[in-house]
Amino acid sequence: QVQLVESGGGLVQAGGSLRLSCAASGLTFSVYTMGWFRQAPGKEREFVAGINWSSGVTSYADSVKARFTISRDNAKNTVYLQMDSLKPEDTAIYYCGLRRTFRVNYGDWGQGTQVTVSS
């Protein structure tokens, strides 16, 4: 059974930085991409960043480009999200997601970690 465990969330002032980590276990199948999503109060979950597990090709939401960096460590089955120049509107619960090979959508999720950016 796959398990995704996020860590690294917290409270930070605007302009500050945080680094999120997501460790995956139980990977008995091929992984296509891993990514980060977020959900703010009263809003739907939205895509933040994704990384192809084999090639390392990345993609970002326009709202975080040039501020956030996604990376992965295949040996540790871990994906990271470096968040710089944080803004109050980045406040949300951040979820790690996994998309299996031959699947259309992300289907495995972590429990989420809270990120709060104060102004």
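Colleague: How do you know that strands E4 and E9 pair, and is the sense parallel or antiparallel?

Modeller: Two strands pair if DSSP finds at least two bridges between them. E4 and E9 have 8 bridges and run in the antiparallel sense, so the definition is met. One position in this pairing is Gly35, which stands opposite Gly97 in E9. The model is predicted: local features need pLDDT of at least 70, side-chain atom pairs count only at pLDDT 80 or more, and totals for chains, interfaces and linings use all residues. Residues are numbered from 1 along each chain as its sequence is written, and side-chain values use heavy atoms, with hydrogens and water left out.

Colleague: What makes a stretch of the chain a strand?

Modeller: Strands are DSSP runs of E with at least two residues, whereas helices are runs of H or I with at least four; both are numbered from the N terminus. E4 covers residues 31-39, and E9 covers 92-100.

Colleague: How many bridges join E9 to E10?

Modeller: There are 2 bridges between E9 and E10, and the strands run antiparallel; the count reaches the required two, so they pair. Here Gly97 has Trp109 in E10 as its bridge partner. E9 also pairs with E11 (residues 113-118) over 3 bridges, again in the antiparallel sense, and Tyr94 is matched with Thr113 in E11.

Colleague: What is the order of the strands in the open sheet of 4 strands?

Modeller: The order is E1-E3-E8-E7, with antiparallel pairing. E1 (3-7) and E7 (68-73) are the edge strands, since each pairs on one side only. Within this sheet, 6 bridges join E3 (residues 18-25) to E8 (residues 78-83), with Arg19 having Gln82 in E8 as its bridge partner.

Colleague: Why is the pair of Phe37 and Phe47 called edge-to-face?

Modeller: Rings of Phe, Tyr and Trp (its six-membered ring) pair if their centres lie within 6.5 Å; planes under 30 degrees apart count as stacked, over 60 as edge-to-face and the rest as tilted. The ring centres of Phe37 and Phe47 are 5.5 Å apart and the planes stand at 75 degrees, so the pair is edge-to-face. This pair links distant parts of the chain, with Phe37 in E4 and Phe47 in E5 (residues 46-52).

Colleague: What makes Phe37 and Tyr106 an aromatic pair, and how are the rings placed?

Modeller: Their centres are 4.9 Å apart and their planes are at 75 degrees; the distance is within 6.5 Å and the angle is over 60, so the pair is edge-to-face. Phe37 and Tyr106 are 69 residues apart, Tyr106 being in the loop between E9 and E10 (108-109). Ring pairs link Phe37, Phe47, Tyr106 and Trp109 into a cluster.

Colleague: Is Phe37 buried or exposed?

Modeller: Buried means under 20% relative accessible area, exposed over 50%, and partly exposed in between (1.4 Å probe, protein chains only). Phe37 has 11% and therefore counts as buried, whereas Phe47, at 29%, is partly exposed.

Colleague: How do you know that the side chains of Asp108 and Arg100 meet in a salt bridge?

Modeller: A salt bridge is a side-chain nitrogen of Lys or Arg within 4 Å of a carboxyl oxygen of Asp or Glu. For Asp108 and Arg100 the N to O distance is 2.9 Å, so the rule is satisfied. Asp108 is buried at 12%, while Arg100 is partly exposed at 22%.

Colleague: What makes the charged end of Arg100 a charge that sits over the ring of Phe29?

Modeller: The rule asks that NZ of Lys or CZ of Arg be within 6 Å of the ring centre and within 35 degrees of the ring normal. The charged end of Arg100 sits over the ring of Phe29, 3.8 Å from its centre. Likewise, the charged end of Arg45 sits over the ring of Tyr95 at 3.9 Å from the centre.

Colleague: How many salt bridges are counted?

Modeller: The count comes to 5. One of them joins Glu46 to Arg38, with the closest N and O atoms 2.7 Å apart. Glu46 is partly exposed at 36%, whereas Arg38 is buried at 6%. Salt bridges link Arg38, Glu46, Arg67 and Asp90 in a network.

Colleague: Why is Asp62 called exposed?

Modeller: Its relative accessibility is 65%, which is over 50%, so the term applies. Asp62 forms a salt bridge with Lys65 at 3.2 Å, N to O, and Lys65 is partly exposed at 46%.
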